[in-house]
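Subject: Structure handover

Hello,

Here is the structure for your files. Please look it over before reading the notes below it.

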Amino acid sequence: MASFKHVVLGSIIVFLGLLSLITPSYAANAQINVVAAPTSFYNNGVRLCAVDNDGNCHWEKYGKSLIAFGAPGIVLAALCFLFVLVFLPIRACGGFGGNEPSEGVFCPGSDALSRQYSRKEVLSVKVIACLCIIPVIIGVAIGIGANQAVGHSVSDVTGFMLDTANNVTFELQGVKNELLSMEFTEDAIAPLNQILNESVKITQKMADIKTGGDKYDGYRTSIMYAGFAVSLFVLVTGVVAIGFNFKKLGMVTGTMTFVVLVLVWLSFGFHLLSNKLDYDVCYEADLINHNATNQTSVLQSGPLASLWDCGPNSTYAQLRNIVEDAIQEGVNATCSGRDEACKSPLGWVCLQNLTCTEENLKTIIQKPYTIVEGQYSIPECAQQCSVSQNRQASGNITLGVATLANYTNIYNNDIKPLLDCNMVRDTVNNFQPLLCGSFFSNLYNISVASFIVGLFLIPYGILMIIGTKRFIPLHDATA
């Protein structure tokens with residue numbers, strides 16, 4: 001009966017080994033398109049940072065959702081650790097089948113076996129243990145290859161974010177200097193410094209994210225390589241124990257196998273959790289890129305906007321207010337200068353029916369005015385009028401309009417992109433091809449590889465422990 005069980009177990013192992021050859025090839029070609037596939041395994045209804053409809057993040061809730069994905073690996077690692085702490089010492093002391101030949105495999109209280117093990121009982125353990133080695137080697141090869149493909153992707157992505165934050169801070173420093181050199185914002189140093197300080201804080205936050213990401217990736221890689229390296233080591237010692245019938249080495253190998261299983265299942269949990277995090281980031285990227293007509297709204301309300309503190313109600317809104325106030329002040333001053341010129345005894349005849357506003361100023365100054373010297377537009381008079389008072393008045397108005405144009409350019413080119421969260425879109429465009437393509441599929445491959453290695457090391461470790469009684473020369477076994 002025992003031999004039949006072993007044959008069945010061996011057949012299952014061979015089947016799973018063949019399955020392990022197919023699964024990674026599918027994963028290698030996997031490309032994430034989370035908007036098109038909302039029913040993905042990773043879509044548990046919780047978006048990145050558990051963002052709500054108002055764009056607020058709930059990190060505690062999100063942390064729990066991530067842990068749920070890492071939990072299977074953590075639980076399996078804990079069970080393997082308990083196996084080492086509980087089962088092996090009790091077996092060494094005579095429990096769970098003890099150290100002497102007995103009926104069954106792990107059955108507590110088994111009666112001692114009065115005969116030697118048969119050739120079938122010895123061979124079945126050795127052959128099935130050797131069959132387990134094949135998929136473990138395949139899994140290790142897949143995992144190492146996938147991790148090499150992943151490379152420094154995490155560092156590259158967080159580097160994109162940090163570089164973008166540095167660029168924003170650098171541009172804000174330029175905006176600050178330019179505004180302080182202009183007439184209507186030369187005294188705005190205090191609020192401008194406050195805005196710049198907030199940008200520096202965001203840059204520091206991105207630096208912290210990069211540091212944390214690099215550490216996490218270091219832990220992930222270390223656990224994976226440690227698990228895979230020791231897996232290969234226990235395969236070698238197991239082969240030696242099987243080939244030379246070293247019973248004690250079989251016991252040591254079995255114990256080490258369950259120790260390394262702790263690392264392998266932790267690696268499985270780490271990478272499953274990492275895939276979930278990567279999926280959520282790519283989901284947000286897809287939402288941005290699949291909503292071209294409403295992209296600004298999506299950018300402003302998404303969790304990445306919260307990370308960057310951008311949007312219409314962010315710190316940068318204060319910068320908008322400074323410029324808008326300056327524009328209004330400039331419009332008032334320029335229109336007042338124009339009205340004064342029209343009322344002055346300088347010979348101007350101002351018959352325009354346009355109200356003097358920011359929108360109308362460009363039109364107003366280009367219209368011809370009847371001046372005692374002739375008909376001129378205001379910019380023309382600033383250059384050609386012979387009466388100095390006319391030249392000066394026209395020059396002041398022209399300069400005022402030019403100043404307003406500079407403020408408008410600063411708003412459109414430097415401030416509005418911050419309010420529209422363009423830096424989020426730029427970052428997404430930088431990392432999406434990397435993070436949502438090969439990186440995602442290779443993380444998935446590492447998860448599959450860890451699962452394969454863990455799945456087959458369990459029976460391998462058990463068979464090594466059984467081998468402490470059954471690793472005997474075939475000529476010593478019964479027929």
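The notes below cover the overall make-up, the core, the largest pocket and the cavities.

This is a predicted model, in which local features need pLDDT of at least 70 and side-chain atom pairs count only at pLDDT 80 or more, while totals for chains, interfaces and linings use all residues. Residues are numbered from 1 along each chain as its sequence is written, and side-chain values use heavy atoms, with hydrogens and water left out.

Overall make-up

The protein has 13 helices and 2 strands (DSSP runs numbered from the N terminus: H or I of at least four residues for helices, E of at least two for strands). Of its 479 residues, 46% are buried (under 20% relative accessible area with a 1.4 Å probe, protein chains only). The exposed surface is about 22,700 Å², with 60% supplied by carbon and sulfur atoms (Shrake-Rupley method, 1.4 Å probe). Among contacts (heavy atoms within 4.5 Å) between residues at least 6 apart in sequence, 77% join residues at least 24 apart.

Core

The largest nonpolar core (buried Ala, Val, Leu, Ile, Met, Phe, Trp, Tyr and Cys joined through side-chain atoms within 4.5 Å) contains 112 residues, and those with the most contacts inside it include Leu-179, Trp-308, Met-423 and Tyr-460. Helix 13 (residues 422–470) supplies the largest share of this core, 21 residues. Leaving aside residues up to four places away in sequence, Met-423 touches Thr-164, Val-168, Trp-308, Cys-310, Tyr-316 and Leu-418.

Pocket

On a 1 Å grid over the protein atoms alone, a pocket is an open set of points with protein on both sides within 12 Å along at least five of seven lines, a cavity is a set where a 1.4 Å probe fits but cannot get out, and lining residues have an atom within 4 Å of a point. Points are joined across faces, edges and corners, and volume is the space filled by probe spheres set on them.

The largest pocket holds about 710 Å³. Its lining has 26 residues, with Thr-158, Ile-209, Gly-213, Leu-277 and Val-281 nearest the centre. Helix 5 gives the most to this lining, 6 residues.

Cavities

The whole structure has 2 cavities of 30 Å³ or more, and the largest has about 50 Å³ of space. Leu-172, Val-175, Lys-176, Leu-192, Ile-195, Leu-196 and Leu-319 line the largest cavity. Helix 4 (153–180) and helix 5 (189–244) are the elements that each give two or more residues to that lining.

Regards

Conventions:
Buried < 20%, exposed > 50% of the residue type's maximum accessible area, 1.4 Å probe, protein only.
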